[in-house]
Amino acid sequence: MRKSKVARKEIASVEIVDRLTQISPSATLASAEKAARLVAQGLDVIDLGQGLPDFSTPKNICNAGITAISEGHTRYTANSGLPELRDAIAERYGTLYGVEYDRSETIITCGGKHALYSAFQALVEDGDEVIIPTPYWVSFPAQVRIAGGQPVFVGTREEDDFIVNAQDIDDACSEKTKAIILNTPSNPSGAVIPSSVLKDIGRIAIDRDLVIVVDETYDQFLYEGATHSSPLGLGSEAKPVTLSIGSCSKTWAMTGWRIGWATGPRKLIGSMSRLQSHLTSNPTSISQWAAVEALTGDQSAVADMLAAFSERREVVLKQLRSMPGVTCGQPMGSFYAFPNVSGTFNNRITTSDDLATYLIDEAQVVTVPGSAFGRDGFLRVSFAVEINRLQEALHRISEALSAIVV
Ligand SMILES: Cc1ncc(COP(=O)(O)O)c(C=O)c1O
């Protein structure tokens, strides 16, 4: 008895460093937990807040993981990842952009999130500024702050389909700017930054000696003929200023396997590797062998997922646009729509947080409020949900909105 009282007292006196007390938990993970809690209470909740494909990892990839276990590939791997996997990543960028990379310019990480985290730890000194276009993926500002940096937000316009303007980025640069984060296709807006804009931003980075961290997590999910580009479209000139971040999570429905990567300047990759050597040693060996198959094996499952997302996207856009008080642009990539819902606000529902809460209470549908991505007035609606459930959810949202929009 006495012992537990002492333990409680000790816990109460623990002081947590400022930079962590200021960080809120990821809003998207919080919404997933909320959905799970309601389902556990027996409610028929539909989760359009989730940021993961509803498909299972393709069989060939699972089998590669199983083979890795049965062949005994269950020990630590090289700190920066399996040579086979690093070579596959290096080759991927060479093929995509005609810019040569070798193994020493890539690192395999425990998901793209971990690659981003290590990059900011390596790049950002206390007080350095990092430019982040809004709406942004929830973890960008948090990770910059954890590294001691200061996010500098650059707004994008709904009427420009949330595509960032290179001049706005240039205007936001200061003596303290260290890096620019670009996420194309974007979570949450689905914006795909055109090659010309990426090249302009590449030139800004070269002139100002900044690093562009390009998050390409959704690069395989593109619609209506949209094409994915990178500042590397400028050619080898952009190589010293570009850090490309990728992930197996969405492309191959491998969220639980936790494999991502970074490709970029050798010095930066080297420091991320040193950090990794003290942090995780290496990502899971089994997952890395599965990832080799993901990158180099049969890609038909990716095409199947894309076809399903395209069909659902049509349904989502049509239905959202028919709802009272809602307008919605055209997401050209990822698997999210980002409708403007400010037309539904009234004297009781005044923010996207209020609306998301209302939709959970009234319609049992989970969405993520735009405020989580730095843009109140919007909601993120995931279409990585089976089509019948998606239709049911949209029907429920429409009914719930009709009750509040006059
Ligand atoms: C834009 C973006 N970047 C990175 C990640 C991280 O993915 P993971 O750590 O699963 O590779 C996500 C996941 O939702 C994302 O949406």
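The following exchange concerns the ligand site of a predicted model.

Trainee: Which residues are closest to the ligand?

Mentor: The ligand is surrounded by 13 residues. By class, this shell holds 2 nonpolar, 7 polar and 4 charged residues. The closest of the surrounding residues are G112, D215, S247, S249 and K250.

Trainee: How far from an oxygen atom of the ligand is a backbone N or O atom of G112?

Mentor: A pair of N or O atoms counts as a polar contact within 3.5 Å. For G112, the atom concerned belongs to the backbone, and its partner is an oxygen atom of the ligand. The distance between them is 2.6 Å.

Trainee: What percentage of the ligand's accessible area does the protein cover?

Mentor: Side chains also approach the ligand: an N or O atom of N187 lies 2.8 Å from a ligand oxygen atom, and R258 likewise places a side-chain N or O atom 2.8 Å from a ligand oxygen atom. On its own, the ligand has 390 Å² of accessible area. Of this area, the protein covers 92%.

Trainee: What is the volume of the largest pocket?

Mentor: The ligand takes up the space of this pocket. Its lining comprises 8 nonpolar, 13 polar and 6 charged residues. The volume of the largest pocket is about 550 Å³.

Trainee: Which elements give two or more residues to the lining of the largest pocket?

Mentor: The lining consists of 27 residues. Those nearest the pocket centre are L29, G51, K113, W137 and K250. The elements that contribute two or more lining residues are helix 3 (27-40) and helix 6 (112-123).

Notes:
Residues are numbered from 1 along each chain as its sequence is written. This is a predicted model: local features need pLDDT of at least 70, side-chain atom pairs count only at pLDDT 80 or more; totals for chains, interfaces and linings use all residues. Side-chain values use heavy atoms; hydrogens and water are left out. A residue is near a molecule or strand if one of its heavy atoms lies within 4 Å of it. A polar contact is a pair of N or O atoms within 3.5 Å; within protein, one must be able to donate a hydrogen and the other to accept it, and residues adjacent in sequence count only if both atoms are side-chain atoms. Accessible areas come from the Shrake-Rupley method with a 1.4 Å probe; for residues, only the protein chains shown count as cover. On a 1 Å grid over the protein atoms alone, a cavity is a set of points where a 1.4 Å probe fits but cannot get out, and a pocket is an open set with protein on both sides within 12 Å along at least five of seven lines; lining residues have an atom within 4 Å of a point. A molecule sits in a cavity or pocket if more than half of its atoms lie within 2 Å of its grid points. Ala, Val, Leu, Ile, Met, Phe, Trp, Tyr, Cys and Pro count as nonpolar, Asp, Glu, Lys and Arg as charged, and the others, Gly among them, as polar. Grid points are joined across faces, edges and corners, and a volume is the space filled by probe spheres set on the points. Helices (H or I, at least four residues) and strands (E, at least two) are DSSP runs, numbered from the N terminus.
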